[in-house]
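Please open the model in your viewer and keep the selection panel at hand. This tour moves from one selection to the next and says at each stop what is there.

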Amino acid sequence: MSRSAHPAGPRHADVLPEGHYSAPPTDLNALDAKVWAETVTRDTDGVLTVGGIDVKRLAEEFGTPAYFLDEDDFRARARSWRTAFGDDADVFYAGKAFLSRAVVRWLHEEGLNLDVCSGGELATALSAGMPAERIAFHGNNKSTDEIRRAVEAGVGRIVLDSFQEIVRVAHIAQELGTRQRVQIRITVGVEAHTHEFIATAHEDQKFGIPLAGGQAAEAVRRALTLDGLELIGIHSHIGSQIFDMSGFEVAAHRVVGLLRDIRDEHGVELPEIDLGGGLGIAYTSDDDPREPHEIAKALTEIVTRECDAARLATPRISVEPGRAIVGPTAFTLYEVGTVKPLDGLRTYVSVDGGMSDNIRTALYDAEYSVALASRVSEAEPMLCRVVGKHCESGDIVVKDAFLPGDLAPGDLIAVPATGAYCRSMASNYNHVLRPPVVAVRDGEARVIIRRETEEDLLRLDVG
Ligand code: LLP
């Protein structure tokens, strides 16, 4: 596509409208290592490259939009969580962030366990060879069929989310002549500092059994009496995209309080405590996530201190990071289709994807960064809103970001940190086809999830 000239958009700080952005960066071509996957860099021509392959070549071969995932970065992050927690703890990767058979194999090879939350995720995990005993099964409304398949497969733990489910799982396990290892998910009443839709430890929501009013204690009482269940621990997940450890501190304090009460009432010390996932990543340069070893140290210290105070042996800790492992490892590559400058406001940059490949901006008001990928430019920064091709004005990918003022149709732009909850929440809205996920490693790119085709859409339409 040819690069057409267009009137200059709003560019200078004194004419910028209100918005979620800081001042224009001094160098628009620079790549902040905080938000880009490890092997992403620019080649001598200024073209963005990942794993040694430039995005023009990738776009030619795989098309746009597409997610490009840096496999080495994924493995390194998975390994760093595993190493940080060591052999006395377990790391369960939360498959909901992004799951495919290749990912399952990488996790298996790197020694991680897997958290699944549906029959589909369970099937993917098992089909790629994850040993069932290393799988945890979550969900607030697992069907009896899903529970049966999980028990039959021999999953290492089912995380019980309601009073009804305690009975359901016990019944199914007994029917199958087995004893299922379970944890009980409780809500500890912590307000996580995150978006309302991704906060999960306050009581007024669908997940878990409230600690308040003795409900969690009652759930434990029931679970301990049922032959089909082996209660191994208590689970708490306080929310997502969390930077502040104080929420985990309060959660651990309350979970350990329950473990102490269980010991006092039943004479049983439960051997495990799961603190969930939710650790934040950098979507923009303003975010400062902690390293896994700092998180591991902080969580282990908190639990040990609380257990010492309650005179309990420290239980085995597990965590369930999803976003913190896969989020930073991928970017989405789009081609610019139209550029519409609105004087005194901003420039609308329309790309060939949108809310069908990244719903997070529309759903959570999430912030993202963006960079011109197919070339560098010395043009002045222009305040942009990157929008998709869907029939909806809320179809925004990046709400406010600066791109070079000479941006034009045909340019490729890349949005970093889209590894988590983008492909996994992708939709076919407007019958737009879901993009592929391409894993890049050592100069080689390979499709791990192929692009959807119109044939795929029509195959489901059997009317
Ligand atoms: N464990 C449990 C029980 C969870 O419910 C979740 C996320 C995780 C672990 C992993 O959380 P992570 O480390 O990935 O933050 N779609 C939203 C996030 C929903 C998370 C749901 N549960 C988003 O795009 O931000």
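Which polar backbone atom is 2.8 Å from an oxygen atom of the ligand? Select G278 together with the ligand, bearing in mind that this is a predicted model, and you will find that the polar backbone atom belongs to G278, at 2.8 Å from a ligand oxygen atom.

Keep the ligand on display and add Y421, where an N or O atom of the side chain lies 2.6 Å from an oxygen atom of the ligand. Next add K96, which has a polar side-chain atom 3.4 Å from a ligand oxygen atom. With these contacts in view, consider the ligand's surface: of the 580 Å² of accessible area that the ligand has on its own, the protein covers 92%.

Now widen the selection to the whole shell, in which 19 residues surround the ligand, the closest being G278, E320, R360, Y364 and Y421. If you colour this shell by residue class, it divides into six nonpolar, seven polar and six charged residues.

For the next stop, colour the domains separately, taking residues 13-70 + 328-459 as domain 1 and residues 138-321 as domain 2, as the domain assignment gives them. The C-alpha centres of domain 1 and domain 2 are 36 Å apart, and the contact between the two takes twelve residues from domain 1 and eleven residues from domain 2. Where does the ligand lie with respect to these domains? Because domain 1 and domain 2 both give residues to the shell around the ligand, the ligand lies between them.

Leave the ligand and select Q180, which lies in strand β9, a strand that spans residues 180-187. Is Q180 buried or exposed? Its relative accessibility is 3%, and because buried means under 20%, Q180 counts as buried. Showing its surroundings, and leaving aside residues up to four places away in sequence, you will find that Q180 touches V151, V155, G156, R157, I158, V169, A173, G228, L229 and E230.

Finally, select E444, which lies in strand β21, running over residues 444-449. E444 has a relative accessible area of 60%, and since exposed means over 50%, E444 is exposed. Leaving aside residues up to four places away in sequence, E444 touches I53 and A439. Add G51 to this last view and draw a distance between the C-alpha atoms of E444 and G51: they are separated by 7.4 Å, although the two residues are 393 residues apart along the chain.

Note on methods
Residues are numbered from 1 along each chain as its sequence is written. This is a predicted model: local features need pLDDT of at least 70, side-chain atom pairs count only at pLDDT 80 or more; totals for chains, interfaces and linings use all residues. Side-chain values use heavy atoms; hydrogens and water are left out. A residue is near a molecule or strand if one of its heavy atoms lies within 4 Å of it. A polar contact is a pair of N or O atoms within 3.5 Å; within protein, one must be able to donate a hydrogen and the other to accept it, and residues adjacent in sequence count only if both atoms are side-chain atoms. Accessible areas come from the Shrake-Rupley method with a 1.4 Å probe; for residues, only the protein chains shown count as cover. Ala, Val, Leu, Ile, Met, Phe, Trp, Tyr, Cys and Pro count as nonpolar, Asp, Glu, Lys and Arg as charged, and the others, Gly among them, as polar. Domain bounds come from an automatic or database domain assignment. Helices (H or I, at least four residues) and strands (E, at least two) are DSSP runs, numbered from the N terminus. Buried means under 20% relative accessible area, exposed over 50%, partly exposed in between (1.4 Å probe, protein chains only). Contact means heavy atoms within 4.5 Å.
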